[in-house]
Amino acid sequence: MKRLFPPHRGAALAALMLCALLGACQKQPAAEDLTSRVLFTANGSYDSSADARTREGHGVRRVRWDRRPPLPASSVQVEYDSDLRPLAWIMTVRGAQFSAADLAAGQGRAVQTEQGPGTVIQGGRLKDVLVLPGQSELRLLTRGYVTQLQPTLLPAFTP
């Protein structure tokens with residue numbers, strides 16, 4: 001019986017076909033939305049690309065991006081409790097190219113705080129995050145952070 005491909009070509013062709021099939025079957029990563037990027041930033045997924053990482057004492061740490069922030073903004077800073085990072089953080093976003101309404105995605109409630117007007121996100125993956133707009137920045141504070149470090153803002157979370 002005559003082979004269709006010489007032995008060395010047949011193995012190479014089989015390997016090439018296997019690679020093509022495996023590449024086609026690979027799960028394609030989902031596009032990251034704004035909420036995902038905020039949560040990944042807050043939880044440390046992008047820390048390796050930060051411009052500065054500092055310890056402030058008493059378990060408080062700070063991460064800052066100035067050159068290539070992980071969000072559409074001119075700079076981003078996250079301050080967090082090292083023991084409770086997913087629950088207790090504040091993010092300051094300067095020059096944000098998004099708004100509190102974008103973050104709330106229809107699930108925000110306007111509030112008045114001692115630091116001015118804000119939005120409490122009442123649902124979704126950013127539930128219980130308070131967004132306080134400033135002159136050229138947005139500050140996002142989790143309820144856990146407010147409870148620990150800025151308790152005067154707690155009334156914002158009460159309907």
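**Exercise 1. The end of helix α2**

Which residue follows α2, and what is the sign of its phi?

*Solution.* The structure is a predicted model, and its residues are numbered from 1 along the chain. Helix α2 covers residues 34-43, and the residue that comes after this helix is G44, with a positive phi near 105°.

**Exercise 2. The buried side of helix α2**

Find which residues of α2 are buried, and state what covers them.

*Solution.* Begin with the list of buried residues, which for α2 consists of T35, S36, V38, L39, T41 and A42. A general rule helps in reading such a list: an α-helix has 3.6 residues a turn, so residues three or four places apart point the same way. Next, turn to the cover over these buried residues, which includes the strands β2, β3, β4 (89-94) and β8 (137-142), together with helix α3 (100-104). Finally, consider the direction of the helix: α2 lies across β2, β3, β4 and β8, and it runs at about 120° to β4.

**Exercise 3. Order and edges of the sheet**

Work out in what order the strands of the open sheet are arranged, and explain why β1 and β5 each have one side without a neighbour in the sheet.

*Solution.* The open sheet has 8 strands with antiparallel pairing, and their order is β1-β2-β3-β4-β8-β7-β6-β5. Because β1 and β5 (108-113) stand at the edges and have a single partner strand each, one side of each is left without a neighbour in the sheet. On average, neighbouring strands of this sheet are turned by 20° against each other, if direction is ignored.

**Exercise 4. From β1 to β3**

Follow the chain from β1 into β2, and then describe how β2 is joined to β3.

*Solution.* Strand β1 (residues 52-57) pairs with strand β2 (residues 60-65) in the antiparallel sense, over 5 bridges. Two of the partners can be named: A52 has R64 in β2 as its bridge partner, while R55 has R61. Between the two strands of this hairpin there are 2 residues, and H58 in the turn has a positive phi of about 55°. Strand β2 is also joined by 6 bridges to β3 (residues 75-81), again in an antiparallel arrangement, and here V60 stands opposite D81 in β3.

**Exercise 5. Aromatic rings**

Determine how many aromatic pairs the whole structure holds, and classify the arrangement of F40 and Y46.

*Solution.* The search of the whole structure finds 1 aromatic pair. The ring centres of F40 and Y46 are 6.3 Å apart and the ring planes stand at 85°, so this pair is edge-to-face, since planes over 60 degrees apart are put in that class. As for accessibility, F40 counts as partly exposed because its relative accessibility is 34%, whereas Y46, at 15%, counts as buried. Another ring, that of Y80, has R85 over its face, at 3.8 Å from the ring centre.

**Exercise 6. V129 and R143**

Decide whether V129 is buried or exposed, and then examine R143 in the same manner.

*Solution.* V129 is found in strand β7 (residues 129-133), and its relative accessibility is 3%, so V129 counts as buried. Beyond the residues up to four places away in sequence, V129 touches several others, among them W89, V120, L140 and F157. R143 lies in helix α4 (residues 143-149) and counts as partly exposed, because its relative accessibility is 33%. Leaving aside neighbours within four places in sequence, R143 is in contact with D128 and F157. Although R143 and V129 are 14 residues apart along the chain, their C-alpha atoms are separated by 6.1 Å.

Note on methods: Predicted model: local features only at pLDDT ≥ 70, side-chain atom pairs only at ≥ 80, totals over all residues. Heavy atoms only, no water. Pairing = 2+ DSSP bridges. Helix = DSSP H or I, 4+ residues; strand = E, 2+ residues; numbered from the N terminus. Buried < 20%, exposed > 50% of the residue type's maximum accessible area, 1.4 Å probe, protein only. Contact = heavy atoms within 4.5 Å. Axes fitted to C-alpha atoms, helices over the stretch in contact; angles between N-to-C directions. Phe/Tyr/Trp six-rings, centres within 6.5 Å; stacked < 30°, edge-to-face > 60°. Lys NZ or Arg CZ within 6 Å of the ring centre and 35° of its normal.
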